[in-house]
Amino acid sequence: MKLKVYADRMSQPSRAVIIFCKVNGIDYEEIKVHISKGQHLTPEFAEINPMKQLPAIADGRFKLFESHAILIYLACAFPGVADHWYPADVFKRSKIHSVLDWHHSNLRRGAAPYVFNTTIAPILGRPLNPQAAAEAEIILSSSLSKLESFWLKGNGRFLLGGNQPSIADLSLVCELMQLEVLDEKDRTRLLGPHKKVQQWIENTRNATNPHFDEVHRVIMLAKERQQHQLLKATKNEGGSNMKKPLVSRM
């Protein structure tokens with residue numbers, strides 16, 4: 001029975017799981033669950049994931065949620081997945097787990113609420129929350145500094161000094177790719193000081209293309225919708241302060 005992946009590509013961890021499947025040739029069926037329509041909150045989806053969050057998978061009768069757990073399962077359960085994604089060496093695995101645990105309590109707590117409360121909220125019909133954005137920015141900036149100075153220390157191209165990506169690289173990079181929807185000035189302010197982080201993002205993108213760009217097209221569409229709203233709002237106000245179009249780095 002084909003693996004089923006329940007996902008919304010606007011979800012950072014959903015993108016990580018989908019890219020992993022594509023890169024490793026895992027045969028799967030993508031079942032779209034639209035967060036903006038509340039489809040993840042339905043009783044039907046609760047049968048797949050009682051926590052009502054994305055992504056989730058069903059491999060026959062086996063159901064699993066939480067993206068890090070899913071990535072580990074996929075790396076172990078499907079033949080042909082290269083060892084560098086989730087190495088058999090217990091020491092390397094343990095280091096990957098340390099990055100993944102750090103991700104949820106640091107980088108994700110900064111990036112996701114910052115983007116939501118500065119950019120995405122109006123697209124979903126929600127108000128912006130400047131205070132929440134300010135609090136999230138503190139966490140995000142601290143997390144980027146830790147990535148730059150600790151997780152990416154050394155001469156390796158990827159996390160923990162490796163020359164090939166692991167599931168940790170993919171998970172964290174997908175988290176940061178949501179910064180693409182920000183105003184270019186804002187994105188540069190946040191990422192500009194972190195040259196190693198920028199290069200690592202590009203390294204992971206190159207290692208997983210063309211799938212990386214294809215799966216992240218949804219981010220570019222979100223950026224276009226945001227730009228349209230900005231232009232419409234500016235036009236309604238007289239058009240005197242029209243902002244420049246957002247430029248993608250993809």
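# A walk through the model, loop first

Select Leu160 to begin: this residue is found in the loop between α6 and α7. You're looking at a predicted model, by the way. Leu160 has a positive phi of about 65°, although it is not a glycine. Is its side of the loop open to solvent? Leu160 comes out as partly exposed, with a relative accessible area of 35%.

Stay in that loop and pick Asn155, which also lies between α6 and α7. Asn155 is exposed, since its relative accessible area is 81% and the cut-off for exposed is over 50%. Now draw a distance from the C-alpha of Asn155 to that of Thr204: you should get 15 Å, for two residues 49 apart along the chain.

**Another positive phi**

Jump to Lys52, in the loop between α2 and β3. Lys52 isn't a glycine either, yet its phi is positive, about 60°. At 30% relative accessibility, Lys52 counts as partly exposed.

**Cis bonds**

While you're in the loop between α2 and β3 (56–59), click on Pro55. The peptide bond leading from Leu54 into Pro55 is cis, with omega near 0°. For another cis bond, go to Asn209 and Pro210, where omega is about 10°. Pro210 is found in the loop between α9 and α10.

**Helix α9**

From Pro210, step back into α9, residues 195–208. The helix has 14 residues and spans 20 Å from first C-alpha to last, close to the 20 Å expected at 1.5 Å a residue. Colour its buried residues: Val197, Trp200, Ile201, Asn203, Thr204, Arg205 and Thr208. What do they pack against? Show α1, α6 (130–151), α7 (167–176), α8 (184–191) and α10 (211–215), and you have the partners of the buried residues of α9.

Zoom in on Thr208, which is part of helix α9. Its relative accessibility is 0%, so Thr208 counts as buried. Leaving aside residues up to four places away in sequence, Thr208 touches Ile19, Val23 and Trp85. Add Lys22 as well: Thr208 and Lys22 are 186 residues apart in sequence, but their C-alpha atoms are 8.9 Å apart in space.

**Around Trp85**

Keep Trp85 on screen and bring up Phe20. Their ring centres are 5.4 Å apart and the planes sit at 80°, so this pair is edge-to-face. The pair links distant parts of the chain, 65 residues apart: Phe20 belongs to helix α1 (residues 12–23), while Trp85 sits in the loop between α3 (67–77) and α4 (90–105). Are these two residues buried or exposed? Both Phe20 and Trp85 are buried.

Next, select Asn24, in the loop between α1 and β2 (28–32). Asn24 counts as buried because its relative accessibility is 13% and the limit for buried is under 20%. With residues up to four places away in sequence left out, Asn24 touches Val81, Ala82 and Trp85.

**More aromatics**

Move over to Phe150 and Trp151. The centres of these rings are 4.9 Å apart and the planes are at 75°, so here too the pair is edge-to-face. Phe150 is partly exposed, with a relative accessible area of 42%, whereas Trp151 is buried at 10%. Add Trp102 to the selection and you have one aromatic cluster made of Trp102, Phe150 and Trp151. Across the model, the count comes to five aromatic pairs.

**Helix pairs to finish**

Show α1 together with α3: they pack at an angle of about 10°, with axes 10 Å apart. The two helices are therefore roughly parallel to each other. To see the contact, select Pro13, Ala16, Val17, Phe20 and Cys21 on α1, then Ser67, Ile70, Leu71, Leu74 and Ala75 on α3. By class, the contact of α1 with α3 has nine nonpolar residues, one polar and no charged.

Last stop: helix α5 (residues 107–120) and α7. Their axes come within 9 Å and cross at roughly 30°. That makes α5 and α7 roughly parallel to each other. Which residues make the contact? Pick Leu107, Arg108, Ala111 and Ala112 from α5, with Leu172, Glu175 and Leu176 from α7. The contact of α5 with α7 divides into five nonpolar, no polar and two charged residues.

Definitions and conventions: Residues numbered from 1 in each chain as written. Predicted model: local features only at pLDDT ≥ 70, side-chain atom pairs only at ≥ 80, totals over all residues. Heavy atoms only, no water. Phe/Tyr/Trp six-rings, centres within 6.5 Å; stacked < 30°, edge-to-face > 60°. Helix = DSSP H or I, 4+ residues; strand = E, 2+ residues; numbered from the N terminus. Buried < 20%, exposed > 50% of the residue type's maximum accessible area, 1.4 Å probe, protein only. Expected span 1.5 Å × (residues − 1). Contact = heavy atoms within 4.5 Å. Axes fitted to C-alpha atoms, helices over the stretch in contact; angles between N-to-C directions. Parallel < 35°, antiparallel > 145°, perpendicular 65-115°, else oblique. Nonpolar A, V, L, I, M, F, W, Y, C, P; charged D, E, K, R; others polar.
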